[in-house]
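Colleague: I have just opened this one and could use a guided tour. Would you walk me through it and tell me how each label is earned?

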Amino acid sequence: MAATIRYPEKMKQGVEVAEEPTRIRITLSSRNAKYVEKVCADLIRGAKDKLLKVKGPVRMPTKVLHITTRKSPCGEGTNTWDRFEMRIHKRVIDLFSTPEVVKQITSISIEPGVEVEVTVAV
């Protein structure tokens, strides 16, 4: 669905200029999978309320960052190790809309710890 914008200088001639919908990619990432899924559901619900074409959420592979470190602070004693890991969950949503409509959709409350990246394809 194309949004119609009237420009004052062209309104005299009765010409309306329709803005083409562009592909807008929203990338969500967080350490907590529940938060990412909740924000995805809110974004998609808002987009479907505005009757936009939505693709996603596409679940990208989870990055697992490992750190293995010695338990002993001085280096003596038994060689015991601690293993820590951090998982980063990522989702990608594609919307086909004008940037103004996407600003309205993305004005929802976003959970703390969720990073949102919006890119507009030309």
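Colleague: To start, how many helices and strands does the chain have?

Modeller: Happy to help! This is a predicted model, and its secondary structure comes to three helices and six strands. Following the sequence, you meet them in the pattern β-α-β-β-α-β-β-α-β.

Colleague: What is the predictor's confidence for the chain?

Modeller: The mean pLDDT is 84, and 84% of the residues reach 70 or more. Residues 1-7 stay under 50, and the model has 15 contacts beyond four places in sequence for them.

Colleague: What makes Ser-97 a buried residue?

Modeller: Buried means under 20% relative accessible area. Ser-97 has 3%, so Ser-97 counts as buried. Ser-97 lies in strand S5, and beyond four places in sequence it touches Pro-21, Thr-22, Ile-24, Leu-52 and Val-102.

Colleague: Now the cysteines. Why is Cys-40 called buried or exposed?

Modeller: The same 20% cut-off applies to being buried. Cys-40 has a relative accessible area of 1%, so Cys-40 is buried.

Colleague: And why is Cys-74 called buried or exposed?

Modeller: For exposed, the value has to be over 50%. Cys-74 has a relative accessible area of 58%, so Cys-74 is exposed.

Colleague: How many disulfides does the chain have?

Modeller: The count comes to zero. A disulfide would need a pair of cysteine sulfur atoms within 2.5 Å.

Colleague: Which residues have the most contacts inside the largest nonpolar core?

Modeller: They are Ile-26, Leu-28, Leu-43, Ala-47, Val-54, Ile-93 and Leu-95, in a core of 16 residues. Two or more core residues come from each of strand S3 (22-30), helix H2 (33-49), strand S5 (81-97) and helix H3 (99-105). H2 gives the largest share, six residues.

Colleague: Which residues does Leu-43 touch?

Modeller: Leaving out residues up to four places away in sequence, Leu-43 touches Ile-26, Leu-28, Ile-93, Ile-105, Thr-106 and Ile-108.

Colleague: What share of the contacts joins residues 24 or more positions apart?

Modeller: Among contacts with a separation of 6 or more, such pairs account for 70%.

Colleague: Finally, what share of the chain is buried, and how much area does the chain expose?

Modeller: Buried residues make up 23% of the 122 residues. The chain exposes about 8800 Å², and carbon and sulfur atoms supply 53% of that area.

Definitions and conventions
Residues are numbered from 1 along each chain as its sequence is written. This is a predicted model: local features need pLDDT of at least 70, side-chain atom pairs count only at pLDDT 80 or more; totals for chains, interfaces and linings use all residues. Side-chain values use heavy atoms; hydrogens and water are left out. pLDDT is the predictor's confidence in each residue, from 0 to 100. Contact means heavy atoms within 4.5 Å. A nonpolar core is a set of buried Ala, Val, Leu, Ile, Met, Phe, Trp, Tyr and Cys residues joined through side-chain atoms within 4.5 Å. Buried means under 20% relative accessible area, exposed over 50%, partly exposed in between (1.4 Å probe, protein chains only). Helices (H or I, at least four residues) and strands (E, at least two) are DSSP runs, numbered from the N terminus. Accessible areas come from the Shrake-Rupley method with a 1.4 Å probe; for residues, only the protein chains shown count as cover.
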